[in-house]
Amino acid sequence: MLKAGNYYTLKISRTTANGQYLIDEEGEEVLLPNRYVDEEKEEGDMMDVFVYKDSEDRIVATTEKPYAVAGEAAYLEVVDKTINGVFLDWGLAKDLFLPARNMPYRMDVGEKYVVFIYTDNVNGRVVASARISSFLSNSEITTEPGQQVEFLVAQKNDLGFRVIINNKHWGMLYHNQIFTKVSIGDKLTGYVRRITEDNRIDVSLQLQGYKEVKRSVDALMELVENNGGELPVADNSSPEEIHEITGMSKKVFKRTAGMLMKAGKITMEENRIIKK
């Protein structure tokens with residue numbers, strides 16, 4: 001059964017004055033309106049489409065790609081506001097509705113907010129909610145320390161940023177783990193640093209310890225080789241300068257450069273490292 005808020009690969013079954021009808025393996029059809037029809041596609045061809053409900057509550061398909069789909073968190077801008085709720089720009093011609101009941105705080109036109117997108121069980125429409133915690137849970141953790149994860153930066157506090165991990169869990173990115181600019185709404189790739197006994201998840205933008213250094217060795221050596229055999233950075237360079245040139249924290253850079261020197265691949269002078 002086709003469900004609004006998801007991508008599908010469907011077959012073109014027939015063409016009408018209103019567009020092409022696409023069909024799934026169970027024989028359910030959905031209309032792809034004329035404005036999205038690819039004239040090079042014929043009956044029997046497969047198409048990747050996003051399915052949602054139009055303003056008349058009909059299931060329709062589109063080749064447009066929303067910024068996020070049902071089951072995902074996103075940072076979206078309010079483009080209209082009514083007594084019943086707000087409308088968000090999510091990349092489709094039809095804006096995404098966020099009902100007033102899903103607004104825990106005031107939301108203004110022109111501002112962006114972190115929301116969670118889901119399919120309403122009652123009417124089947126794709127809607128949004130700013131009550132993020134209703135869709136996240138840390139009671140059963142689905143990740144582990146050292147694992148690479150995707151996360152959305154959702155909230156800022158004195159310790160750092162609260163992040164939404166894999167659209168499933170709350171996590172924390174602490175200030176002392178940040179070596180670049182981070183802002184609300186950023187989608188980042190990082191790593192699980194630790195999971196506490198009470199299921200709090202701490203994340204980092206870099207791998208920790210030996211694993212991080214091992215991966216960084218190849219990256220740093222490649223940088224040196226691609227810059228004529230040297231880089232204008234050394235142990236006494238500032239953390240900001242090291243990160244700008246290498247993308248690494250100073251701690252990781254020093255350990256990585258140390259491994260390369262021990263392996264006889266580079267030497268280090270006062271203000272630069274040189275390939276041997």
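# Exercises on a predicted model

Asparagine 166 sits in the loop that links β12 (160-165) to β13. The structure used in these exercises is a predicted model.

**Exercise 1. Find which loop holds asparagine 167, and decide whether asparagine 166 and asparagine 167 are buried, partly exposed or exposed.**

Step 1. Place the second residue. Asparagine 167 lies in the loop between β12 and β13.

Step 2. Recall the cut-offs. A residue is buried under 20% relative accessible area and exposed over 50%, with partly exposed in between.

Step 3. Apply them. Asparagine 166 has 28% relative accessibility, so asparagine 166 counts as partly exposed. Asparagine 167 has 25% relative accessibility and therefore counts as partly exposed.

Step 4. Check the backbone. Asparagine 166 is not a glycine, yet its phi is positive, at about 50°. Asparagine 167, not a glycine either, has a positive phi of about 60°.

**Exercise 2. Work out the strand order of the barrel, and state how β13 and β15 run.**

Step 1. List the strands. The barrel is closed by 5 strands in the order β11-β12-β13-β15-β14, and the pairing is mixed.

Step 2. Add the twist. From one strand to the next, the twist averages 55°.

Step 3. Take one pair. Strand β13 (residues 169-174) and strand β15 (residues 201-204) run parallel and are joined by 2 bridges.

Step 4. Locate a pair of residues. Opposite methionine 172 stands aspartate 202 in β15.

**Exercise 3. Describe the surroundings of strand β4: how many of its residues are buried, and which strands pair with it?**

Step 1. Count the covered residues. In strand β4 (residues 46-53), 6 of the 8 residues are buried, and the strand is mostly covered.

Step 2. Look at one partner. Strand β1 (residues 6-16) pairs with β4 in the antiparallel sense, over 6 bridges. Here lysine 11 stands opposite methionine 46 in β4.

Step 3. Look at another partner. Strand β5 (residues 59-62) is joined to β4 by 4 bridges, and the two run antiparallel. Lysine 53 has isoleucine 59 in β5 as its bridge partner. Phenylalanine 50 has threonine 62 in β5 as its bridge partner.

Step 4. Follow the chain between them. A hairpin is formed by β4 and β5, with 5 residues between them, and aspartate 57 in the turn has a positive phi of about 70°.

**Exercise 4. Identify the residues that touch the most other members of the largest nonpolar core, and the element that gives the largest share.**

Step 1. Name the residues. The largest nonpolar core has 34 residues, of which Leu22, Leu88, Leu98 and Met107 touch the most other members.

Step 2. Name the element. β4 supplies the largest share of this core, 5 residues.

Step 3. Separate the other core. Another core, of 14 residues, lies apart from it and includes Val217, Met248, Phe253 and Ile266.

Step 4. Examine one member's contacts. Leaving out residues up to four places away in sequence, leucine 22 touches a set that includes Leu10, Ile12, Val30, Leu32, Met47, Val49 and Ala61. Among the others it touches are Lys11, Ser13, Glu28 and Glu29.

**Exercise 5. Find which elements line the largest pocket, and which gives the most residues.**

Step 1. State the volume. The largest pocket has a volume of about 320 Å³.

Step 2. Go to its centre. There are 19 lining residues, and those closest to the centre are Lys94, Phe97, Arg125, Val126 and Val127.

Step 3. Assign the lining to elements. Two or more lining residues come from each of β4, β8 (96-99) and β10 (126-129). The most come from β8, with 3 residues.

**Exercise 6. Describe the open sheet of 3 strands and the helix across it, then decide whether serine 249 is buried or exposed.**

Step 1. Order the strands. The open sheet runs β16-β18-β17 with antiparallel pairing. Its edge strands, β16 (230-231) and β17 (266-268), each pair on one side only.

Step 2. Check a pairing. β16 and strand β18 (residues 273-275) are antiparallel, with 2 bridges. Glutamate 230 has isoleucine 274 in β18 as its bridge partner.

Step 3. Add the helix. Helix α3 (residues 250-262) lies across β17 and β18, at about 125° to β17.

Step 4. Turn to the serine. Serine 249 is in the loop between α2 (239-246) and α3. Its relative accessibility is 5%, so serine 249 counts as buried.

Step 5. List its contacts. Beyond its neighbours within four places in sequence, serine 249 is in contact with Phe179, Gln206 and Ile242. Phenylalanine 179 is 70 residues from serine 249 in sequence, but their C-alpha atoms are 6.2 Å apart.

Terms used
Residues numbered from 1 in each chain as written. Predicted model: local features only at pLDDT ≥ 70, side-chain atom pairs only at ≥ 80, totals over all residues. Heavy atoms only, no water. Buried < 20%, exposed > 50% of the residue type's maximum accessible area, 1.4 Å probe, protein only. Pairing = 2+ DSSP bridges. Core = buried A, V, L, I, M, F, W, Y, C linked by side-chain atoms within 4.5 Å. Contact = heavy atoms within 4.5 Å. Axes fitted to C-alpha atoms, helices over the stretch in contact; angles between N-to-C directions. 1 Å grid on protein atoms, 1.4 Å probe; cavity = no way out; pocket = protein on both sides within 12 Å on 5 of 7 lines; lining within 4 Å. Points joined across faces, edges and corners; volume = space filled by probe spheres on them.
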